[in-house]
Amino acid sequence: MEDLIMSGFTPLKSVNPWTEGDYRVYGYAIPAPDGTYWPEYIIERIQGISDAPKKAVELHQVDIPTFATQGLAKMMAVSHGLQRVRTKDRLGC
């Protein structure tokens with residue numbers, strides 16, 4: 001899947017970002033070859049450090065099946081990103 005993204009698929013416009021404490025989560029939908037969408041997210045640290053904003057997590061694919069609509073994929077991406085922030089799971093800053 002990552003090979004597909006690297007070979008030319010680009011994220012569609014992010015859903016409105018969700019702010020959680022010092023972090024902001026952006027949800028994206030990546031077009032799949034079958035017309036569905038993979039959910040992906042980016043997490044930025046927007047406060048609490050001197051060089052904010054700074055990416056805490058690069059574009060990350062959620063390892064679940066695709067979704068029929070962009071909106072559902074983006075909402076699922078934000079949900080997974082928020083869970084990662086709340087558990088402080090491998091955040092870069």
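Me: At 0% relative accessibility, does I43 count as buried or exposed?
Reply: The model is predicted, and I43 has a relative accessibility of 0% in it. The cut-off for a buried residue is under 20%. Because 0% falls under that cut-off, I43 counts as buried.

Me: In which strand is I43 found, and which residues does I43 touch beyond four places in sequence?
Reply: I43 is found in strand β3. Leaving out residues up to four places away in sequence, I43 touches Y23, R24 and V25, and also K54, K55, A56 and V57. The list is completed by G81, R84, V85 and L91.

Me: How many Å separate the C-alpha atoms of I43 and W18?
Reply: I43 and W18 are 25 residues apart along the chain. Their C-alpha atoms are separated by 9.6 Å.

Me: Where is E44 placed, and with which side chain does E44 make a polar contact?
Reply: E44 is in strand β3, which covers residues 37-45. Beyond four places in sequence, E44 is in contact with residues including D22, P53 and A56. Y26 is also one of its contacts. The polar contact joins two side chains at 3.2 Å, and the partner of E44 is Y26.

Me: Why does E44 have no salt bridge, and how far away is the nearest side chain of opposite charge?
Reply: Side chains of opposite charge can pair when their charged atoms come close. A salt bridge requires the nitrogen and the carboxyl oxygen to be within 4 Å. E44 is buried, and its nearest side chain of opposite charge is R24. E44 has no salt bridge because R24 lies outside the 4 Å cut-off, at 5.4 Å.

Me: How many salt bridges does the count come to?
Reply: The pairs include R86 with E20, D51 with K54, and K55 with E58. The full count comes to five.

Me: Which elements hold R86 and E20, and how many residues apart are they?
Reply: The side chains of R86 and E20 meet in a salt bridge, 3.0 Å from N to O. This pair links distant parts of the chain: R86 is in helix α2 (residues 70-86) and E20 is in strand β1 (residues 18-20). E20 is partly exposed, at a relative accessible area of 22%. Along the chain, R86 and E20 are apart by 66 residues.

Me: Which residue forms a salt bridge with D51?
Reply: D51 is partly exposed, with a relative accessible area of 42%. K54 is partly exposed too, at 37%. The closest N and O atoms of the salt bridge are 3.6 Å apart, and the partner of D51 is K54.

Me: What is the relative accessible area of E58, which meets K55 in a salt bridge?
Reply: The side chains of K55 and E58 meet at 3.7 Å, N to O. K55 is partly exposed, with a relative accessible area of 40%. E58 counts as exposed because its value is over 50%. That relative accessible area is 54%.

Me: What is the distance between the C-alpha atoms of G71 and Y28?
Reply: G71 is in helix α2 and is partly exposed, with a relative accessible area of 36%. G71 and Y28 are 43 residues apart along the chain. Their C-alpha atoms are separated by 8.8 Å.

Me: What pattern does the protein follow along the sequence?
Reply: The protein has two helices and four strands. Among contacts with a separation of 6 or more, 48% are between residues 24 or more positions apart. Read along the sequence, the pattern is α-β-β-β-β-α.

Note on methods
Residues numbered from 1 in each chain as written. Predicted model: local features only at pLDDT ≥ 70, side-chain atom pairs only at ≥ 80, totals over all residues. Heavy atoms only, no water. Contact = heavy atoms within 4.5 Å. Buried < 20%, exposed > 50% of the residue type's maximum accessible area, 1.4 Å probe, protein only. Lys, Arg positive; Asp, Glu negative; His and termini not counted. Polar contact = N/O pair within 3.5 Å; in protein donor to acceptor, adjacent residues only side chain to side chain.
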